[in-house]
Every structure is written in structure tokens, then in C-alpha cells.
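User: Could you take a close look at one part of this model for me? I would like a connected account of a single helix and its surroundings.

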Amino acid sequence: MRITRIYIYLMYIIVIFSIIMFISEEHYIIASLLFLGNMLPGYAMATSLMEKNGN
């Protein structure tokens, strides 16, 4: 379970860094699509992976 948390945090850091880079280059549409396409579905995946379930 620890490796799952590390993986999720690492992926969030990479996506946030990419969003910051696109915003700094004034590519706002790409940054918003990157946020909506990765962060929002990723949140649902992260919560489901971090839950303590019987699987």
C-alpha cells in the first residue's frame, strides 16, 4: 500500500509541474485540459486505491 501512495503523489507532482510550465508559457487551454483530464479522474482513482477494502 505504501508504494501506491508514493506512486499517486509522484503522479500528482508531475501533473502539477506540467500545468505550471504550460501556464508560464501562456498555454492556458492546454493547462486546463491537463488539469481536467488528469487531476479530477485521478482524484477518484486515488481515493478508491487508498481505501481499505477487502480486495
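Analyst: Happy to help; here is a walk along helix 1 and the pocket beside it. This is a predicted model, in which local features need pLDDT of at least 70 and side-chain atom pairs count only at pLDDT 80 or more, while totals for chains, interfaces and linings use all residues. Residues are numbered from 1 along each chain as its sequence is written, and side-chain values use heavy atoms, leaving out hydrogens and water.

The protein has 2 helices and 0 strands (DSSP runs numbered from the N terminus: H or I of at least four residues for helices, E of at least two for strands). Helix 1 covers residues 2–24, and its end C-alpha atoms lie 33 Å apart, in agreement with the 33 Å that its 23 residues should span at 1.5 Å a residue (1.5 Å times one less than the number of residues).

Its buried residues are Ile8, Tyr12, Val15 and Ile19 (under 20% relative accessible area, 1.4 Å probe, protein chains only). An α-helix has 3.6 residues a turn, so residues three or four places apart point the same way. Helix 2 (28–50) is part of what covers these buried residues. After helix 1 comes Glu26, with a positive phi near 65°.

Helix 1 also gives the most to the lining of the largest pocket, with 5 residues. The full lining is Tyr7, Ile8, Met11, Tyr12, Val15, Asn38, Gly42 and Met45 (a pocket is an open set of points on a 1 Å grid over the protein atoms alone where a 1.4 Å probe fits, with protein on both sides within 12 Å along at least five of seven lines; lining residues have an atom within 4 Å of a point).

Note on methods
Buried < 20%, exposed > 50% of the residue type's maximum accessible area, 1.4 Å probe, protein only. Contact = heavy atoms within 4.5 Å.
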